[in-house]
Amino acid sequence: MTAVTAGEIAPRRHPNYKLRRRLGEALALALGLVLVVWTLAPIYNMVMVALESHNDVFSTNVWPADPSPYSFWIVFTEGYWYLEYFWHQYANSIYIGFWTVFLTLGIGSMVSYSIGRMRIRHGWLLTNAALLTYLVPASFLAIPFYRMMQAYGLGNNVWSIIAVEVTFATPYAIFIFQQYGRSIPFELDEAARIDGASPIQVYFRIYLPLMAPALVAVGTYALLLAWNEYLYQFLLLSNKRSMTVPVALAQFLNSDESPWNYMMATAIVYAVPPVVIYYLFRGRMTAGLTMGGVKG
Amino acid sequence: MASVSVIEAGRVAPRRASVLRKLRGGLQGSEYAWAIAFCIPYIGVFIAFVVFPVFYGLWLGHQPSLYVELFNDPIYQQTVVNTILYLVIGVNVKMFLALLLSGFFMRRGWWVKGLLMIYVLPWAVPALPTFISIHWMLNTQWGLINNVLWDAFGIDGPGWLDTSRWLALGSVIVTYIWKNMPFWTVILLAGRMAIPQELYEAAEVDGATGIRRFVHVSLPLLANLYLVCTLLSTIFTLGDFNTAYFISGGGPALSTHVLATLGIRDAFEIARPQLGVAAVLSALPLMIPLVMLLMHKLRTSEVQL
């Protein structure tokens, strides 16, 4: 069919078709080159500064004069006073990420099961609540949230951060789970119920295993959200031992003498895990995004 | 007679049961309890961390005198202008470029696929490291951009962040586009891929290629998605704290704050939480219609991307 179509069209095409095609390809390559430079410039700058010595940072170099991984060594060995608790802070970020994923998946899948599978009455109210939360910018709730957490005595406690991240990751989870859940036939639930399974057995033995792809997509989303979030972590964690890597990183920026090379090395060490996870689960993430709501 | 009453009694009982069942959405006894139990964690989170802060925030910012003070503050007036420029220019330029680039990434060929992998990096890398890197790139004396300008053209680059409000705000907007364009490109790319190939083939038979194909086939089919994405992006951008905070930090002379950063500054740097909440709440006249429109759009069309 396509061959026939192509055969019909070919004679009608412009005589300079080949030339135009070549030109188009050249233009596309030029655009591609511009995109690569545009995309990589800040990342190149990050790597360049991280590989420079302190004096070279304050120079007009466009590439590192004498590249060395010394700054990374400083970061790994916590060899600078701002990096005193670096690994401790890294562990805090991981801890927050783990619990955010676990609780988001748990709470999100439970409520989606109840709304989508058990069809609880007025379930749409909960769906709307989630939609509303999804549309409220997180930063707009920061001030009351901060005061609330201080009142609860949860200042400088990583659990206050976990609460925030779960709050803002769950609505997305509910969307994706409900959308994905529609592809699982109800007959499976019914068959299990007739065989005498209780709702909680159906949830664990049928619902969760079949939802695995959606769980992976949402888990990745929640992990990256928690790992990348800054504002709440900055407001709620001020103690060096309770703070996370992004907060520590931003503290560098506000210090009088900024050791830019150490800062960029820290930034790279902090950025590598999410980038790796992102590329590992890219397909799933994109599928999730195109399935339901959209959030970056 | 007796048999009739038995029948009637027999009729009433199931009807009452069915009313009860209807109330419970067709669930019975223990099932209903389970269904509620499964919702309780989310209801708890929603009430404790969404409803409560929202009402607490409304209460904190309820005094009209706060708004009088805000509207008379020149920094706040500048901030409103900045926020509008940030939303109008940032969101629209980004979405339009994303729409065009999504078409570019529909091209066949291995290098386009490889390019896409590189192109999505700004989305994959956490915001903070790249923003700090861009902040340093824009340094007047030692930044990469001015170094390149000097090495390549012998030009002394301007002080991007510390001399002019417009240069600094422009830097914030360009950084914002750099960071967010890949995400929306991928969304629009998925939207384009969902368009059946037959439509393009039919259009080609009718002689529509290039721009005409875009205007008459792609655009009408992408219009709804594009609109929803733009609205969503506007709301997310309204709440964007990191970009302005890390690129310009509100400087020079507090002239490039946006509402999200000004609220935090008022609340924590000058320790007036009520004023900070009022600054944020002053965005409600824009937010409420946007949220209502989006709730409607997302619910009805379910944005099949």
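User: In which helix of chain B is the place of B:Leu231?

Analyst: In this predicted model, B:Leu231 has its place in helix H11 of chain B.

User: How should I read its burial, and which residues does B:Leu231 touch beyond its neighbours in sequence?

Analyst: Burial is read from a count of surrounding C-beta atoms, with 20 or more within 10 Å needed for a residue to be called buried. B:Leu231 has 19 other C-beta atoms within 10 Å, so it is partly exposed. Once residues up to four places away in sequence are set aside, B:Leu231 touches B:Leu290, B:Leu293 and B:Leu294. For B:Leu293, which stands 62 residues apart from B:Leu231 along the chain, the separation of the two C-alpha atoms is 8.6 Å.

User: Which residues of H11(B) are buried?

Analyst: The buried positions of H11(B) include B:Ser218, B:Leu222, B:Leu225 and B:Val228, and B:Cys229, B:Leu232, B:Ser233, B:Ile235, B:Thr237 and B:Leu238 are buried as well.

User: How do I tell whether a helix such as H11 of chain B is straight, and what does it span between its end C-alpha atoms?

Analyst: One compares the span between the ends with the span of a straight helix of the same number of residues, at 1.5 Å a residue. Helix H11 of chain B, residues 210-238, has 29 residues, for which a straight helix would span 42 Å, but its end C-alpha atoms span only 35 Å.

User: Where does H11(B) bend, and by about how many degrees?

Analyst: The bend is placed at B:Leu219 and comes to about 50°, with a proline, B:Pro220, following within four residues.

User: What does the wider setting look like in chain B, in helices, strands and domains?

Analyst: Chain B has 15 helices and zero strands, and 40% of its 305 residues count as buried. Among the contacts in chain B with a separation of 6 or more, 69% are accounted for by residues 24 or more positions apart. The chain is divided into domain 1, covering 1-60, and domain 2, covering 66-300, and the C-alpha centres of these two domains of chain B lie 44 Å apart.

User: How is the overall form of chain A to be judged, and what is its radius of gyration?

Analyst: It helps to begin with the secondary structure, which in chain A comes to 15 helices and zero strands. The radius of gyration of chain A is 25 Å, well over the 19 Å that the globule rule gives for 296 residues, so chain A is more spread out than a compact globule. The C-alpha trace of chain A spans about 80 × 75 × 30 Å along its principal axes. Buried residues make up 42% of the 296 residues in chain A, and of its contacts with a separation of 6 or more, 77% come from residues 24 or more positions apart.

User: How is a contact between chains described, and how many residues does each chain give?

Analyst: The size of an interface is often given as the accessible area lost when the parts come together. Here the description is by residues, with 76 from chain A and 78 from chain B. On the side of chain A that touches chain B, the largest share, 12 residues, comes from helix H2 of chain A, residues 17-51, and the residues of this side divide into 56 nonpolar, 17 polar and three charged.

User: With which residues is A:Leu131 in contact, leaving aside its neighbours within four places?

Analyst: A:Leu131, placed in helix H6 of chain A, residues 123-135, is in contact with A:Pro171, B:Met295 and B:Leu298. A:Leu131 and A:Pro171 are 40 residues apart in sequence and 6.4 Å apart in space, C-alpha to C-alpha. A:Leu131 has 19 C-beta neighbours inside 10 Å, so it counts as partly exposed.

Technical notes:
Residues numbered from 1 in each chain as written. Chains lettered and ligands numbered in written order. Predicted model: local features only at pLDDT ≥ 70, side-chain atom pairs only at ≥ 80, totals over all residues. Helix = DSSP H or I, 4+ residues; strand = E, 2+ residues; numbered from the N terminus. Expected span 1.5 Å × (residues − 1). Bend = angle between axes of the 7 residues up to and from the residue. Buried ≥ 20, exposed ≤ 12 C-beta atoms within 10 Å, placed from the backbone. Contact = placed C-beta atoms within 7 Å. Nonpolar A, V, L, I, M, F, W, Y, C, P; charged D, E, K, R; others polar. Rg over C-alpha atoms; globule rule 2.2 N^0.38 Å. Domains from an automatic or database assignment.
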